[in-house]
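The following exercises concern the structure shown below. Each consists of a task and a worked solution.

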Amino acid sequence: MAQMKIEDIRAMSPDQQDDAVLNLKKERFNLRFQRATGQLENTSRLREARRDIARIKTVAAQRAKKK
């Protein structure tokens with residue numbers, strides 16, 4: 001999964017954003033588990049997933065502030 005663009009996140013509905021955050025959190029859990037067992041090959045994906053979650057939450061907060 002590639003890094004999410006802010007334009008793509010803004011185009012999502014709030015439900016889609018919630019689903020994306022949930023999927024990213026599941027992915028982070030699996031990546032952390034792989035790291036702990038020494039099976040993680042792409043260590044940068046942990047950082048990307050964490051930052052994607054932050055981007056989605058930032059856009060959601062901006063939308064909530066506008067209302």
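## Exercise 1. An exposed residue and a buried one

Ala11 is in contact with Gln16 and Arg63, residues up to four places away in sequence being left out. The model under study is predicted.

Task: determine in which helix Ala11 is found, and whether Ala11 counts as buried or exposed. Treat Gln17 likewise.

Solution.
1. Ala11 belongs to helix α1.
2. Its relative accessibility is 66%, so Ala11 counts as exposed, the cut-off for that class being over 50%.
3. Gln17 lies in helix α2.
4. Gln17 counts as buried because its relative accessibility is 3%, and the cut-off for burial is under 20%.
5. Beyond four places in sequence, Gln17 touches Ile9, Met12, Ile56, Val59, Ala60 and Arg63.

## Exercise 2. Overall architecture

Task: state how many helices and strands the chain has, and in which pattern they follow along the sequence.

Solution.
1. The chain contains three helices and zero strands.
2. Read along the sequence, the pattern is α-α-α.
3. The C-alpha trace spans about 45 × 15 × 15 Å along its principal axes.
4. Of the 67 residues in the chain, 24% count as buried.
5. Taking contacts between residues at least 6 apart in sequence, 66% join residues at least 24 apart.

## Exercise 3. Helix lengths

Task: for α2 and for α3, set the end-to-end C-alpha distance against the span expected at 1.5 Å a residue.

Solution.
1. Helix α2 has 24 residues, for which the expected span is 34 Å.
2. From its first C-alpha to its last, α2 reaches 35 Å, close to that expectation.
3. Helix α3 has 23 residues and should span 33 Å.
4. The end C-alpha atoms of α3 are 34 Å apart, which agrees.
5. After α2 comes Gly38, with a positive phi near 80 degrees.
6. Within α2, the C-alpha atoms of Pro14 and Glu27 are 20 Å apart, with their positions 13 residues apart in sequence.

## Exercise 4. Packing of α2 and α3

Task: find how the axes of α2 and α3 are placed relative to each other, and which residues make the contact.

Solution.
1. Two packed helices are described by the angle and the distance between their axes.
2. The axes of α2 and α3 come within 9 Å and cross at roughly 155 degrees.
3. That angle makes α2 roughly antiparallel to α3, since the cut-off for this class is over 145 degrees.
4. The crossing of α2 past α3 is left-handed.
5. On the α2 side, the contact residues include Pro14, Gln17, Val21, Leu24, Arg28 and Arg35.
6. On the α3 side, they include Arg45, Ala49, Ile53, Ile56, Ala60 and Arg63.
7. Of these, Pro14 is partly exposed, with a relative accessible area of 48%.

## Exercise 5. Buried residues and the core

Task: list the buried residues of α2 and of α3, then identify which residues make up the largest nonpolar core.

Solution.
1. In α2 the buried residues are Gln17, Ala20, Val21, Leu24 and Leu31; they pack against α1 and α3.
2. In α3 they are Arg45, Leu46, Ala49, Asp52, Ile53, Ile56 and Val59, which pack against α1 and α2.
3. The largest nonpolar core has ten residues: Met4, Ile9, Met12, Ala20, Val21, Leu24, Ala49, Ile53, Ile56 and Val59.
4. Two or more residues of this core come from each of α2 and α3.
5. Helix α3 gives the most, with four residues.
6. One of the core residues, Ile53, touches Val21, Leu24, Lys25 and Arg28 when residues up to four places away are not counted.

## Exercise 6. Met12 in the loop

Task: establish where Met12 is found, and which residues Met12 touches.

Solution.
1. Met12 is found in the loop between α1 and α2.
2. With a relative accessible area of 17%, Met12 is buried.
3. Residues up to four places away aside, Met12 touches Met4, Gln17, Ala20 and Arg63.
4. Met12 and Val59 are 47 residues apart along the chain, and their C-alpha atoms are separated by 10.0 Å.

Key. Residues numbered from 1 in each chain as written. Predicted model: local features only at pLDDT ≥ 70, side-chain atom pairs only at ≥ 80, totals over all residues. Heavy atoms only, no water. Core = buried A, V, L, I, M, F, W, Y, C linked by side-chain atoms within 4.5 Å. Buried < 20%, exposed > 50% of the residue type's maximum accessible area, 1.4 Å probe, protein only. Contact = heavy atoms within 4.5 Å. Expected span 1.5 Å × (residues − 1). Axes fitted to C-alpha atoms, helices over the stretch in contact; angles between N-to-C directions. Parallel < 35°, antiparallel > 145°, perpendicular 65-115°, else oblique. Left-handed = near helix turned anticlockwise from the far one by under 90°.
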